[in-house]
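Thanks for coming, everyone. Let me put the structure up on the screen, and then we can walk through it together.

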Amino acid sequence: MIDIVAIIPARSGSKGVPDKNIKLLAGKPLIAYSIASAQLTDNIQRVIVSTDSERYAKIASEYGAETPFLRPAELSVDSSTDYDVLKHTLDWLQVNEGFQPEYLVYLRPVTPLRDITIIKSAIERIKMDNDATALRSIHEMPETAYKTLEIEGGYLKCICSGSFDIDAANLPRQTYEKTYVANGYVDIIRSSFVIENEKVFGNRVIAYITPWITDIDTMKDFEYLEYQAAKDHTIVSRLFQ
């Protein structure tokens, strides 16, 4: 029985880094890294790429992913959400295959350098928690969010306290609780929760702490990934054997 499916979202039309999802990193298109990670994770049974581009679909197929549909243009714009991608995929699977997986492993192409043992462990973790609505990967922020500031009316204000008295933000970082940021390493979603609640993550999300990982938003991020891949060739070879 197939109950765990990897979904890789790969729309075209990126503005920050043009054609980001298929840009070559160490000779391989970026999307290929997420496909390879999913294929090498032995508790993932299918790998589906959701894209609006025939070109992207062809590349994904060449690296072994399924591309059974093209995502509609209206679900592939800058404002499209993870919910749009996942709901469209689940609806397509139900209508065309009469099939709904129990779990969706969501692997964004912009976070390519993953360790498959971490993905596998994340899957096993959520399977042990019947109360969890989802699992989301995070890493610790280098500077706690309690020390962050915003500007209101030209004056600094503490984000967390809402106070214009910012002296508290200068206390030693050890004074504050650790804070974390979602990093795109691996997110795992229950299909039934998405369908029944019209949400992706819900209110019982497992905090899955991973090593720090680069997420590509700008060309500088991509250039840093190129540096990482050039410095340590095993980063690429462990995925493409």
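Let me begin with a question: is Asn21 buried or exposed? Asn21 is buried, at 8% relative accessibility. By buried I mean under 20% relative accessible area, with exposed being over 50% and partly exposed in between, using a 1.4 Å probe and protein chains only.

Before going on, a word on what you are looking at: this is a predicted model, where local features need pLDDT of at least 70 and side-chain atom pairs count only at pLDDT 80 or more, while totals for chains, interfaces and linings use all residues. Residues are numbered from 1 along each chain as its sequence is written, and side-chain values use heavy atoms, with hydrogens and water left out.

Back to Asn21, then. You will find Asn21 in the loop between strand S1 (4-9) and strand S2 (24-25). Helices (H or I, at least four residues) and strands (E, at least two) are DSSP runs, numbered from the N terminus. If we skip residues up to four places away in sequence, Asn21 touches Pro9, Ala10, Arg11, Leu30, Ile31, Tyr56, Pro109 and Val110. Contact here means heavy atoms within 4.5 Å.

Two of those partners, Leu30 and Ile31, are among the buried residues of H1. Helix H1 covers residues 30-40 and is mostly covered, with nine of its eleven residues buried.

Now please look at Thr111, in the loop between strand S5 (103-106) and helix H4 (116-127). Thr111 is buried too, and its relative accessible area is 0%. What is Thr111 in contact with, leaving aside its neighbours within four places in sequence? The list is Asn183, Gly184, Tyr185, Ile213, Thr214 and Asp215. Take Tyr185 from that list: Thr111 and Tyr185 are 74 residues apart in sequence, yet 6.3 Å apart in space from C-alpha to C-alpha.

On to the pockets. These come from a 1 Å grid over the protein atoms alone: a pocket is an open set of points where a 1.4 Å probe fits, with protein on both sides within 12 Å along at least five of seven lines, and lining residues have an atom within 4 Å of a point. Grid points are joined across faces, edges and corners, and the volume is the space filled by probe spheres set on the points.

The largest pocket holds about 600 Å³ of space. Its lining has 28 residues, and Arg11, Lys20, Asp82, Arg108 and Val110 lie nearest the centre. Helix H3 (82-97) and strand S9 (180-190) are the elements that give two or more residues to this lining, and S9 gives the most, with three. By residue type, the lining of the largest pocket has eleven nonpolar, seven polar and ten charged residues. In that count, Ala, Val, Leu, Ile, Met, Phe, Trp, Tyr, Cys and Pro are nonpolar, Asp, Glu, Lys and Arg are charged, and the others, Gly among them, are polar.

The second largest pocket has a volume of about 150 Å³. Residues that line it include Tyr185, Ile213 and Thr214, which you just met as contacts of Thr111. Here the lining divides into seven nonpolar, two polar and two charged residues.

Next, the aromatic rings. How many aromatic pairs are there? The count comes to six. Rings of Phe, Tyr and Trp (its six-membered ring) pair if their centres lie within 6.5 Å; planes under 30 degrees apart are stacked, over 60 edge-to-face, and the rest tilted.

One of the pairs is Phe69 with Trp92, tilted, at 5.3 Å centre to centre and 45° between the planes. That pair links distant parts of the chain, with Phe69 in the loop between helix H2 (54-62) and H3, and Trp92 in helix H3, 23 residues apart. Phe69 counts as buried, at 6% relative accessibility.

Another is Tyr146 with Tyr176, which is stacked: 6.1 Å centre to centre, with 10° between the planes. Tyr146 sits in the loop between strand S6 (134-140) and strand S7 (149-152), and Tyr176 in the loop between strand S8 (155-158) and S9, so this pair ties together parts 30 residues apart in sequence. Tyr146 is partly exposed at 36%, whereas Tyr176 is buried at 18%.

Ring pairs also link Tyr33, Tyr63 and Phe240 into a cluster. And the charged end of Lys28 sits over the ring of Phe240, 5.1 Å from its centre. The rule there is NZ of Lys or CZ of Arg within 6 Å of the ring centre and within 35 degrees of the ring normal.

That's my tour, and I'm happy to go back to any of it.
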